[in-house]
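Here are a few exercises to work through with the model open beside you. Try each one yourself before reading its solution.

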Amino acid sequence: MNIKIADLAFEPLITADTIQTRIKEIAVDLNKDYADKAPVFVGVLNGCFMFMADLLKEITVPCEVAFTKLSSYHGGVTSTRRIRDDFDLLTDITNRHVILVEDIVDTGNTLDYLVAKLSHRKPASITVVALLLKPDAVEYPVEELKHVAFQIPNEFVVGYGLDYMELGRNLNGIYKRVV
Ligand code: IMP
């Protein structure tokens, strides 16, 4: 069913069930790879909150959870390229295995910035898990991006943490803009 958010119409792209199934698959890999590493999961707010919560429910290895906040869209449907560092990661990640949890990688600008910033703190490793990737939009490839739940077309999406004008984050599936 199509929905309206502010002035835009959206149609279903990925259902809630499909998201949950894929999250379980990614968690199997992470539980295997990080069995004895006590990783720190770092969520990138605001968009990560649903994905982070559902992913962490499937993680069975000892781990820590922390957050940082960045923003780059500032209300529209395209990246502004101006990254605002809203709040920093407070956990000391020196010699720790870090798993960054991102909602979506579009141009890759935000992720590139964050990985470079955290690398200066000398973690043992950094791996990125992203819910969505728009392969056709990537301008800054990030080699640490190892797990992607879904690759999607270069179109604007909302739901499951992602917003349009701060609306739509509460939807349990992902919707794409009807153009
Ligand atoms: P990038 O820096 O161009 O990769 O953009 C990444 C950030 O832009 C994400 O963390 C989101 O906050 C936002 N973003 C990118 N694409 C979308 C979209 O389709 N819907 C909602 N937000 C998006």
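## Exercise 1: the ligand shell

Two elements, β6 (97–105) and α3 (109–119), each supply at least two residues of the shell around the ligand. Helices (H or I, at least four residues) and strands (E, at least two) are DSSP runs, numbered from the N terminus. This is a predicted model, where local features need pLDDT of at least 70 and side-chain atom pairs count only at pLDDT 80 or more, while totals for chains, interfaces and linings use all residues. Residues are numbered from 1 along each chain as its sequence is written, and side-chain values use heavy atoms, with hydrogens and water left out.

Task: work out which residues come nearest to the ligand, and which polar atoms they place by it.

Solution:

- Step 1. Collect the shell, taking a residue as near if one of its heavy atoms lies within 4 Å of the molecule. There are 18 residues around the ligand, and T107, G108, T110, K134 and V157 come nearest.
- Step 2. Ask which element gives the largest share: β6 does, with four residues.
- Step 3. Sort by class, with Ala, Val, Leu, Ile, Met, Phe, Trp, Tyr, Cys and Pro as nonpolar, Asp, Glu, Lys and Arg as charged, and the others, Gly among them, as polar. The shell has six nonpolar, six polar and six charged residues.
- Step 4. Look at N and O atoms. A side-chain N or O atom of T110 is 2.4 Å from a ligand oxygen, and one of K134 is 2.8 Å from a ligand oxygen. V157 uses its backbone instead: an N or O atom there lies 2.6 Å from a ligand nitrogen.
- Step 5. Check the cover: the protein hides 92% of the 500 Å² of accessible area that the ligand has on its own (Shrake-Rupley method, 1.4 Å probe; for residues, only the protein chains shown count as cover).

## Exercise 2: α2 and the core

Task: find which residues of α2 are buried, then see what they pack against.

Solution:

- Step 1. Apply the cut-offs: buried is under 20% relative accessible area, exposed over 50%, partly exposed in between (1.4 Å probe, protein chains only). In α2 (residues 49–57), M50, F51, M52, D54, L55 and L56 are buried.
- Step 2. Find the partners, with contact meaning heavy atoms within 4.5 Å. The buried α2 residues pack against α1 (16–33), β3 (40–45), β4 (64–71), β6 and β7 (125–133).
- Step 3. Move to the largest nonpolar core (buried Ala, Val, Leu, Ile, Met, Phe, Trp, Tyr and Cys residues joined through side-chain atoms within 4.5 Å). The core has 30 residues, and L30, F41, L55, L131 and L132 have the most contacts inside it.
- Step 4. Zoom in on F41: leaving aside neighbours within four places in sequence, its contacts include L30, M52, L55 and V101.

## Exercise 3: T127

Task: is T127 buried or exposed, and what does its side chain make a polar contact with?

Solution:

- Step 1. Locate T127 in strand β7.
- Step 2. T127 counts as buried because its relative accessibility is 10%.
- Step 3. Its side chain makes a polar contact with the side chain of Y34 (2.9 Å). Such a contact is a pair of N or O atoms within 3.5 Å; within protein, one must be able to donate a hydrogen and the other to accept it, and residues adjacent in sequence count only if both atoms are side-chain atoms.

## Exercise 4: backbone oddities

Task: where is the cis peptide bond?

Solution:

- Step 1. The cis bond joins L45 and N46, with omega about 0 degrees.
- Step 2. N46 sits in the loop between β3 and α2.
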